[in-house]
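Please work through the exercises below with the sequence and the coordinates at hand, trying each task before reading its solution.

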Amino acid sequence: MDEFQAEDETTFVVEEVSKIIKESVEATIGGNTYQHNRVNQWTTNVVEQCLSQLSKLGKPFKYIVTCVIMQKNGAGLQTANACFWDNTTDGSCAVRWENKSMYCIVTVFGLAI
Amino acid sequence: HHSMSALMLQLYFSQDELIKELRQTLNATIGGEDYNKDQVNKWTAAILERCISDLCKLGKQYKYIVTCAVTQKTGAGLHAANSCFWDTALDGSCTVKWENRTMYCIVSVFALSIA
């Protein structure tokens, strides 16, 4: 039982990170309409909130958080990423969120120290 | 700024060198193309593959994350941001914004020391 708990404290748990991302996005832009003069603040807030919650997990990880917000007007958007890391310890989680006026894509990369 | 240049000295001779290589990769893969939703998947994969390959060839003690976003030019607003929780002395990142007539491409490289 102790061994199982210890493992949870040092691994990248996708569900846990996904929840953090969704909460950060909802809190920042949930219910908002795309506005050019506010989007700068929004992306900053989303990544900062995510990082704050992630570091509170107290796990031995470095984190990279990326956030893209795009206005919905029919333009195509493709995002992709590649990682050169340790497959046994590192992980990532991407969340795609949208409302009527915009898309928001957040990705968290966790790299074990 | 001091820590950033220390990293880049280990990774490359200068950040400009890395940016130059990223631009060359983009010019070579999508320079002459028009945005095409059926091809964009293939393009981003090719871009990422070349970037990771070039970085690994440096043989440095780093893990790498490379992100790539391609968007069609239609006037839509696009904003991207990133934030990192890492070793401020040894880790670093670099972002390149590129465009041609029909699309924008943003590539970010994050280097995290293992040492």
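The exercises that follow concern a predicted model, and they go from a helix pair to a sheet and then to a pocket.

**Exercise 1.** Describe how helices α2 and α3 of chain A cross, and determine which residues make the contact.

*Solution.* Begin with the axes: those of α2(A), residues 14-29, and α3(A), residues 39-56, come within 9 Å and cross at roughly 145°. Next consider the hand of this crossing, which is right-handed. Then list the residues on each side: α2(A) contributes V17(A), I20(A), I21(A), S24(A), V25(A), A27(A), T28(A) and I29(A), while α3(A) contributes W42(A), N45(A), V46(A), Q49(A), C50(A), Q53(A) and L54(A). Finally, sorting the residues of this contact by class gives 10 nonpolar and five polar, with no charged residue.

**Exercise 2.** Establish the strand order of the open sheet that contains β1(A), and identify the strands that stand at its edges.

*Solution.* Reading across the sheet, the four strands follow the order β3(A)-β4(A)-β1(A)-β2(B), and their pairing is antiparallel. The edges are held by β3 (91-98) of chain A and β2 (78-85) of chain B; each has a single partner strand, so one side of each is left without a neighbour in the sheet. From one strand to the next, the twist averages 10°. To see how the two chains are joined here, turn to β1(A), residues 61-71, which pairs with β2(B) in the antiparallel sense over eight bridges; within this pairing, T66(A) has N82(B) as its bridge partner.

**Exercise 3.** Work out which strands α2(A) touches and which strands α3(A) lies across.

*Solution.* Take α2(A) to start with: this helix packs on the sheet by touching β1, β3 and β4 (102-112) of chain A, and its direction makes about 35° with that of β3(A). Now take α3(A), which lies across β1 and β4 of chain A together with β2 of chain B, and runs at about 155° to β1(A).

**Exercise 4.** Characterise the largest pocket by its volume and by the residues that line it.

*Solution.* The volume of the largest pocket is about 380 Å³. Its lining comprises 22 residues, of which T66(A), V68(A), T67(B), A69(B) and A80(B) are the closest to the centre. Assigning the lining to elements shows that β1, β2, β3 and β4 of chain A and β1, β2, β3 and β4 of chain B each supply at least two residues, with β4(B) giving the most, namely four. By class, the lining divides into 12 nonpolar, nine polar and one charged.

Note on methods:
Residues are numbered from 1 along each chain as its sequence is written. Chains are lettered from A and ligands numbered from 1 in the order in which they are written. This is a predicted model: local features need pLDDT of at least 70, side-chain atom pairs count only at pLDDT 80 or more; totals for chains, interfaces and linings use all residues. Side-chain values use heavy atoms; hydrogens and water are left out. Axes are lines fitted to C-alpha atoms, for helices over the stretch in contact, and angles run from 0 to 180 degrees between N-to-C directions. A crossing is left-handed if the near helix is turned anticlockwise from the far one by less than a right angle, and right-handed if clockwise. Contact means heavy atoms within 4.5 Å. Ala, Val, Leu, Ile, Met, Phe, Trp, Tyr, Cys and Pro count as nonpolar, Asp, Glu, Lys and Arg as charged, and the others, Gly among them, as polar. Two strands pair if DSSP finds at least two bridges between them. On a 1 Å grid over the protein atoms alone, a cavity is a set of points where a 1.4 Å probe fits but cannot get out, and a pocket is an open set with protein on both sides within 12 Å along at least five of seven lines; lining residues have an atom within 4 Å of a point. Grid points are joined across faces, edges and corners, and a volume is the space filled by probe spheres set on the points.
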